[in-house]
Amino acid sequence: MKLYRELAEVYHEMYQHLFDYEQEFAFYRDALDRFAAKKLIEFGCGTGNLARFFLHNQYAYLGIDLSENMLNIARREQPQGRFQQGDLSSFSISETFDAALVTGRTLTYLHQTEALLGAFEGIHACLTPGGVLVFDAIDAAAMFLDFDASQKQLDTGPYRRISHSRPTLNGAWTWHWEADYFVKKGETYVFLDHDEAELRAFTPDELALLLKMRGFELLEMVKKDTYTWPDHYFVAQKSLV
Ligand SMILES: C[S@@+](CC[C@H](N)C(=O)[O-])C[C@H]1O[C@@H](n2cnc3c(N)ncnc32)[C@H](O)[C@@H]1O
């Protein structure tokens with residue numbers, strides 16, 4: 001997606017206003033505390049918006065993202081952080097962690113079930129026994145029972161985004177998303193770029209099943225307040241043996 005490549009700086013500026021990173025960190029910290037997890041790996045770390053909090057709170061932290069452009073901003077903003085390029089759907093590392101986080105609805109981009117199972121398998125392999133997996137994902141019921149295909153305009157800082165979604169239902173709870181980005185110059189908005197992607201939402205049941213297939217038990221689902229699409233946090237655990 002261009003938002004995470006050519007438009008990475010636009011993402012970094014826009015999403016400061018869209019996600020409440022302090023509130024998100026509070027949720028992740030509570031979950032990590034319950035499992036006494038101090039060493040963690042974050043997938044889809046993007047420009048390091050959450051890394052900032054983990055690093056300032058003495059977690060041993062590694063951030064993974066597909067996009068070098070996003071990672072370069074993370075490295076610039078959090079010079080003390082460890083950041084590495086990697087694809088969540090086929091990830092492997094020789095190190096182990098107490099906890100894995102998949103943040104900012106990064107699972108939304110794994111619209112093929114095979115890629116999602118690959119992700120859960122890779123995460124399982126890099127967790128210690130009893131390790132915890134915490135992620136957020138868009139709720140299929142809330143998304144599809146009353147699909148909102150209207151055009152959305154979002155103005156944050158100097159940027160404007162006009163976006164539109166339409167259901168595709170390609171063997172899963174998928175939709176196609178398109179957006180045009182503009183930047184304010186004087187009194188007018190000048191076109192920057194066009195972006196599009198296939199995205200996926202989930203039902204709790206399908207997540208529980210896919211997690212179980214790769215050795216996790218889904219323990220908890222917590223509703224999350226966000227600016228647009230309805231989503232939940234999920235907490236899962238790798239078995240102790
Ligand atoms: C919405 S951003 C979230 C970034 C950050 N967690 C935040 O909350 O600001 C989603 C991130 O997932 C990354 N991403 C998408 N697909 C990925 C994959 N297969 N493996 C690793 N990262 C991926 C993108 O590059 C992007 O940085």
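Which residues does the domain assignment give to domain 1 and which to domain 2? Domain 1 takes 2-139 plus 201-238, and domain 2 takes 142-199. Keep in mind that this is a predicted model. Below is a quick tour of how the two domains meet, how helix H2 sits, what surrounds Tyr-181 and what lines the ligand site.

**Where the domains meet**

- Taken over C-alpha atoms, the centres of domain 1 and domain 2 are 23 Å apart.
- Domain 1 puts 19 residues into the contact, and domain 2 puts in 14 residues.
- On the side of domain 1 that touches domain 2, helix H1 (residues 8-18) supplies the largest share, with five residues.
- That side of domain 1 breaks down into 11 nonpolar, four polar and four charged residues.

**Helix H2, one side in and the other out**

- H2 runs over residues 21-34, so to speak a 14-residue helix, and spans 20 Å from its first C-alpha to its last, close to the 20 Å expected at 1.5 Å a residue.
- Glu-24, Tyr-28, Ala-31 and Leu-32 are the buried ones in H2.
- Those buried residues lie on the same side of H2, because they cover an arc of only 100° around the axis.
- As background, an α-helix has 3.6 residues a turn, so residues three or four places apart point the same way.
- Flip to the other side of H2 and you find Glu-22, Gln-23, Ala-26, Asp-30, Asp-33 and Arg-34, which are exposed.
- The cover over the buried residues of H2 includes four strands: S1 (39-43), S4 (97-102), S5 (127-138) and S11 (231-238).
- After H2 comes Ala-36, with a positive phi near 50°.

**Tyr-181 and its neighbours**

- Look for Tyr-181 in strand S8, which covers residues 173-185.
- Tyr-181 counts as buried because 22 other C-beta atoms lie within 10 Å, and the cut-off for buried is 20 or more.
- Leaving out residues up to four places away in sequence, Tyr-181 touches Leu-7, Val-10, Tyr-159, Arg-161, Leu-192, Asp-193 and Asp-195.
- Leu-3 is 178 residues from Tyr-181 in sequence, yet their C-alpha atoms are 9.3 Å apart in space.

**Around the ligand**

- There are 21 residues around the ligand, and the ones that come nearest are Tyr-4, Gly-44, Gly-46, Leu-88 and Gly-104.
- Sorted by class, the shell around the ligand holds 10 nonpolar, eight polar and three charged residues.

Key
Residues are numbered from 1 along each chain as its sequence is written. This is a predicted model: local features need pLDDT of at least 70, side-chain atom pairs count only at pLDDT 80 or more; totals for chains, interfaces and linings use all residues. Helices (H or I, at least four residues) and strands (E, at least two) are DSSP runs, numbered from the N terminus. The expected span of a helix is 1.5 Å times one less than its number of residues. A residue is buried if 20 or more other C-beta atoms lie within 10 Å of its own, exposed if 12 or fewer, and partly exposed in between; C-beta atoms are placed from the backbone. The arc is that of the directions from the helix axis to the C-beta atoms. Two residues are in contact if their C-beta atoms, placed from the backbone, lie within 7 Å. A residue is near a molecule or strand if its C-beta atom, placed from the backbone, lies within 6 Å of it. Ala, Val, Leu, Ile, Met, Phe, Trp, Tyr, Cys and Pro count as nonpolar, Asp, Glu, Lys and Arg as charged, and the others, Gly among them, as polar. Domain bounds come from an automatic or database domain assignment.
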